[in-house]
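User: I'm new to this one and would like a close look at a single part. Pick a loop, then walk me outward from there to whatever surrounds or resembles it.

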Amino acid sequence: MIKRRKKSIIMLSSLVLAASSLFAACGSNGTSAPQGDNQASVSNEVSTEGMPIVQSPINLEFFAPKRFAASDWNNILIWQEYEKLTNVHVKWNTIDRDNLVEKRNILLAGGDYPDALYGNGLSASDLMMYGEQGVFLNLNDYIDKYAPNFKKLLEEYPEVKKAITMPDGNIYSFPTVTDPNFTSMLTGAFMWYNPDWFTKTGLSEPKTTDEFYDFLKAIKAKDPKTIPLGGGPGWAYLGNFLQGAWGLGNHGVTHPYVDTNPTTNELRFIPTDPNYKELLQYTNKLYSEGLIDRDFFTANADQIIAKGSQGVYAVIADYNPESVYSNLKGYIGASALKGPHGDQMYSYIGSSVGNPGQFVITNKNKNPEATVRWVDYLYSDEGSKLFFMGVKDKTFVEKSDGVVDYSDEIKHNQNGLTQDQAVSQYLVWPGVGYPGILKQKYFKGSEGMPASVDAAKKVEPYLIKEIWPPFTYTKDETERMTVLRADIETYVKEMTTKFITGGASFSDWDSYVSTLNKMGLDEYMKIYKAGYDRYTK
């Protein structure tokens, strides 16, 4: 019996040695893994820590949006440097950010999607739907073993884990996370004043919505060639700033259509509230009197940047003008305005979980372990520094005390590029979503500039207290909510613009509300309530 067991062990050992020799011949001795099949071999095992991620290069393909058409992500400094560090080569399939949703939906519907979707800003509903279908991989075990930085972050900030864990208990994505102490990033865009106009008009900084109207009117009277209010483009920038003066948006911009009614403490659909109607009437008054740029609701971002860079805007609803527009300096952030009913709240602030769906791995991916390691590095201190600052002495300089800042070529570009435009020659973060963590010490974009930090301090006394992260929904809720949102939220956007610009009369308000009810608003709110209850419990 003992002899037979010994013999079996010897034969098994011989087989193992033979297999080991075979694997070694296939992929070791300094040779690269095959590039065609995109499959990591045993000899190219994924490391659980440190760099490179794999010893022999592998290929991955990602789909991503981009801000600037001229930016070639397949030939850009940030990804070239990261490839050297990781041994992971990424082929980037990019699309203009304005066409992202349409193109992504076509890819997913046709099954012609790549290894991962990067910076796509997928909603919790998308994650649940495609996760349960198996299109997006369940990442729970991968995170546990191959994402030490992200795993640590989830332990440090339980609300992040709560926001990205779907009702089935699975995590299908990596989010954007903001350091909770980075207030100017959480608040994002502001209203910005050119202080020269206080001197020119003889008026002080507005404290109420009436004073804001008077200030814009005085600018137009003083110089008809100047546009009193511009920027954006679109209602989100302006609406999110103004709505707090009507007591709306009291749980932040992550939920732009739903908050709680302060009287009943029940969930409220903001776009049908009487205060929302008053807000639109106020904005319509500004627009009809020529106090808002006529292109505010129709132009794209590049058109607004080109126009605003000419210095025609006295007041700007946007991110810090110093980074967005060429040669615009000295604008100061506005404080929260007090509205007609005494509300003075700054609700233009988001959750630390900016978007739950900024990186998903698909079932086409043959190297999910390496892909998780690839994205996990962006949640480390070193990864955040590389992603947002780039390479030392190329894109940034570092002082003896460790403080970093962009190089003069980026901050004072000789070709007249804005900071975002100059940065985009080397890095990919401006103007699009991304997975990773935002820290004030490394983020030198609009929200990290001194003027933005000062603007955040100015509104801090009026910040809302309870900021909701994204809610999660079951498969059935997701499927139904997707249909309802497509109809209801599209109609709200369309009618909001029409009410402001005069395309619809406020005498049609009751008809507008009635149409929303017919579209299934009650069901929409019931599903929202289910997500809210899940979050609160």
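Analyst: N327 sits in the loop that runs between helix 14 and strand 10 (helices, H or I with at least four residues, and strands, E with at least two, are DSSP runs numbered from the N terminus). Keep in mind that this is a predicted model, where local features need pLDDT of at least 70, side-chain atom pairs count only at pLDDT 80 or more, and totals for chains, interfaces and linings use all residues. Residues are numbered from 1 along each chain as its sequence is written, and side-chain values use heavy atoms, with hydrogens and water left out.

Back to the loop. N327 has a phi near 60°, which is positive even though the residue isn't a glycine. Most residues other than glycine have a negative phi. With a relative accessibility of 69%, N327 counts as exposed (exposed is over 50% relative accessible area, buried under 20%, partly exposed in between, with a 1.4 Å probe and protein chains only).

Now step back into helix 14, which is where P321 lies. Here the picture flips: P321 comes out at 0% relative accessibility, so it is buried. Leaving out residues up to four places away in sequence, P321 touches W192, I316, L328 and Y331 (a contact is heavy atoms within 4.5 Å). As for distances, P321 and E102 are 219 residues apart along the chain and 30 Å apart in space, C-alpha to C-alpha.

W192 leads on to S452, which also touches it, along with S184, F190, N320, S446 and E447, again skipping residues up to four places away in sequence. S452 belongs to helix 19, and at 1% relative accessibility it counts as buried. It has company there: V453, A455, A456 and V459 are buried residues of helix 19 too. These buried residues cover an arc of only 160° around the axis, so they sit on the same side of helix 19 (the arc is taken from the directions from the helix axis to the C-beta atoms). P450 and K457 are exposed on the other side. What do the buried residues of helix 19 pack against? Helix 8 (183-187), strand 5 (190-193) and strand 10 (332-333), and strand 10 is one of the two elements flanking the loop of N327.

Helix 14 has a partner as well. The buried residues of helix 13 pack against helix 14 (321-324), strand 6 (227-231) and strand 9 (313-318). In helix 13, residues 301-308, the buried ones are A301, I304, I305 and G308. Looking down the axis, they fall within an arc of 100°, so they line one face of helix 13.

Strand 6 brings us to another bit of unusual backbone. P233 lies in the loop between strand 6 and helix 11 (235-242), and the peptide bond from G232 to P233 is cis, with omega near 0°. Most peptide bonds are trans. There's also a cis bond joining M51 and P52, with omega about 0°; P52 is in the loop between helix 1 (2-27) and strand 1 (58-66).

Finally, N327 has a counterpart in N87, which also isn't a glycine and has a positive phi, near 70°. N87 lies in the loop between helix 2 (77-86) and strand 2 (88-96).
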